[in-house]
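User: I would like to go through this model and see how its labels are justified. For each label, set the value against the cut-off and conclude.

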Amino acid sequence: MTEADFLHSTRASYDAMALDYDERFRDELAAQTLERAVFAGFAELVRNAGGGPVADVGCGPGRVTAHLHGLGLSVYGIDLSPRMVELARREHPGLRFEEGSMLALDIPDGTLAGVVAWYSTIHIPQERLPDVFAEFHRVLAPGGYALVGFQVGDEQRDYTEAFGHEVSLTFRRWQPDRIAELLAGAGLPVRARTFREPERWEPTPQASLIARKPLPPAGEGDGNGNGDGDGDRTAGNPAATS
């Protein structure tokens with residue numbers, strides 16, 4: 001499958017099932033205590049590093065975007081599916097949502113304080129994951145954080161039907177060590193890991209990793225005249241984007 005085929009099938013599949021997907025998962029986060037703790041920790045890390053804009057990449061109908069906004073982050077959502085973006089804008093009218101691909105983010109270099117990919121890398125072919133994480137590194141400011149959530153495993157599942165709709169989707173599961181290795185290879189060393197066993201209907205364990213783009217060595221600055229004299233600094237703090 002070419003990249004164009006992969007992107008087209010993913011976009012078309014989520015466009016087709018957007019309404020039913022939203023209805024099924026709209027309130028899911030309310031029952032996910034550990035996931036909410038991960039988001040709270042990520043939000044505190046971003047705020048403590050100075051804050052700045054955060055992109056929720058693969059945001060779907062915007063439930064995680066809205067939750068992060070409630071935690072005090074200046075966050076906006078990006079999704080490949082126009083129908084998902086439409087739903088997100090309707091359900092969260094005070095927030096910003098855009099169409100886009102994590103393989104080619106329309107974001108200037110070094111401008112984000114955080115990137116979230118919450119179960120959105122699961123449709124990326126394994127050979128393209130280094131490109132995705134390189135994009136995250138590119139758009140993050142020094143000291144910025146990346147949060148990646150995914151199902152744990154080694155296999156992939158191909159689906160032709162979901163919520164009563166015809167789709168063409170491949171769901172990929174990853175081992176935390178492998179994702180950590182790829183993040184580190186993209187210049188994003190992992191700072192924290194979570195792992196939990198499956199609950200209720202879940203078929204596999206779940207994991208998330210928090211990685212950070214390193215700060216420049218003390219005294220060297222970041223190319224914008226900013227040094228690191230106190231051991232930390234704002235991880236990109238342009239005007240709020242939402």
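User: How many salt bridges does the structure hold?

Analyst: The structure, which is a predicted model, holds eleven salt bridges. One of them joins Glu35 and Arg196.

User: What makes the contact of Glu35 with Arg196 a salt bridge?

Analyst: The closest N and O atoms of Glu35 and Arg196 are 2.7 Å apart. The cut-off is 4 Å between a side-chain nitrogen of Lys or Arg and a carboxyl oxygen of Asp or Glu, so the pair qualifies.

User: Which parts of the chain does that pair tie together?

Analyst: Glu35 belongs to helix H2 (residues 33–48) and Arg196 to strand E8 (residues 190–196), so the salt bridge ties together parts that are 161 residues apart in sequence. Both Glu35 and Arg196 are buried.

User: Why are Glu35, Arg196 and Glu202 called one network?

Analyst: Arg196 also forms a salt bridge with Glu202, at 2.7 Å from N to O. Like Arg196, Glu202 is buried. Salt bridges that share partners join Glu35, Arg196 and Glu202 into one network.

User: How do you know that Arg178 and Glu181 form a salt bridge, and where do they lie?

Analyst: Their side chains meet at 3.1 Å, N to O, and the limit is 4 Å, so the pair counts as a salt bridge. Arg178 and Glu181 are three residues apart in helix H6 (residues 176–185), which means that about one helical turn separates them.

User: Is Arg178 buried, partly exposed or exposed?

Analyst: The relative accessible area of Arg178 is 35%. Buried requires under 20% and exposed over 50%, so Arg178 is partly exposed.

User: Why is Asp56 called buried?

Analyst: Asp56 has a relative accessible area of 1%, and buried means under 20%, so the label applies. Asp56 lies in strand E1. Leaving aside neighbours within four places in sequence, Asp56 is in contact with Val64, Thr65, Val75, Tyr76, Gly77, Ile78 and Val116. The C-alpha atoms of Asp56 and Ser120 are separated by 9.6 Å, with their positions 64 residues apart along the chain.

User: What makes Phe133 buried, and what is Phe133 in contact with?

Analyst: The relative accessibility of Phe133 is 0%, and the limit for buried is under 20%, so Phe133 counts as buried. Phe133 lies in helix H5. Apart from neighbours within four places in sequence, the contacts of Phe133 are Thr121, Val148, Ile179, Leu182, Leu183, Ala186 and Leu188. Among these, Ala186 is 53 residues away along the chain, with its C-alpha 5.9 Å from that of Phe133.

User: How do you know that His69 is partly exposed?

Analyst: The relative accessible area of His69 is 40%. That value falls between the limits of 20% and 50%, so His69 is partly exposed. His69 has its place in helix H3. Beyond neighbours within four places in sequence, His69 is in contact with Val75 and Leu95.

User: What makes the phi of Tyr119 worth a remark?

Analyst: Phi of Tyr119 is near 60°, which is positive in a residue other than glycine. Most residues other than glycine have a negative phi. Tyr119 sits in the loop between strand E4 (112–118) and helix H5 (129–139). At 23% relative accessibility, against a limit of under 20% for buried, Tyr119 counts as partly exposed.

User: Which residues lie nearest the centre of the largest pocket?

Analyst: Tyr14, Tyr21, Tyr119, Ile122 and Phe171 lie nearest the centre, out of 46 lining residues. The largest pocket holds about 1,100 Å³ of space.

User: Which element supplies the largest share of the lining, and how does the lining divide by residue type?

Analyst: H1 supplies the largest share, eight residues. Helix H1 (3–25), strand E1 (53–57), helix H3 (63–70) and strand E6 (156–162) each give at least two residues to the lining. The lining divides into 24 nonpolar, eleven polar and eleven charged residues.

User: What is the overall make-up of the protein?

Analyst: The secondary structure comes to six helices and nine strands. Of the 242 residues, 50% count as buried. Among contacts with a separation of 6 or more, 70% are between residues 24 or more positions apart.

How values were computed
Residues are numbered from 1 along each chain as its sequence is written. This is a predicted model: local features need pLDDT of at least 70, side-chain atom pairs count only at pLDDT 80 or more; totals for chains, interfaces and linings use all residues. Side-chain values use heavy atoms; hydrogens and water are left out. Helices (H or I, at least four residues) and strands (E, at least two) are DSSP runs, numbered from the N terminus. Buried means under 20% relative accessible area, exposed over 50%, partly exposed in between (1.4 Å probe, protein chains only). Contact means heavy atoms within 4.5 Å. On a 1 Å grid over the protein atoms alone, a cavity is a set of points where a 1.4 Å probe fits but cannot get out, and a pocket is an open set with protein on both sides within 12 Å along at least five of seven lines; lining residues have an atom within 4 Å of a point. Grid points are joined across faces, edges and corners, and a volume is the space filled by probe spheres set on the points. Ala, Val, Leu, Ile, Met, Phe, Trp, Tyr, Cys and Pro count as nonpolar, Asp, Glu, Lys and Arg as charged, and the others, Gly among them, as polar.
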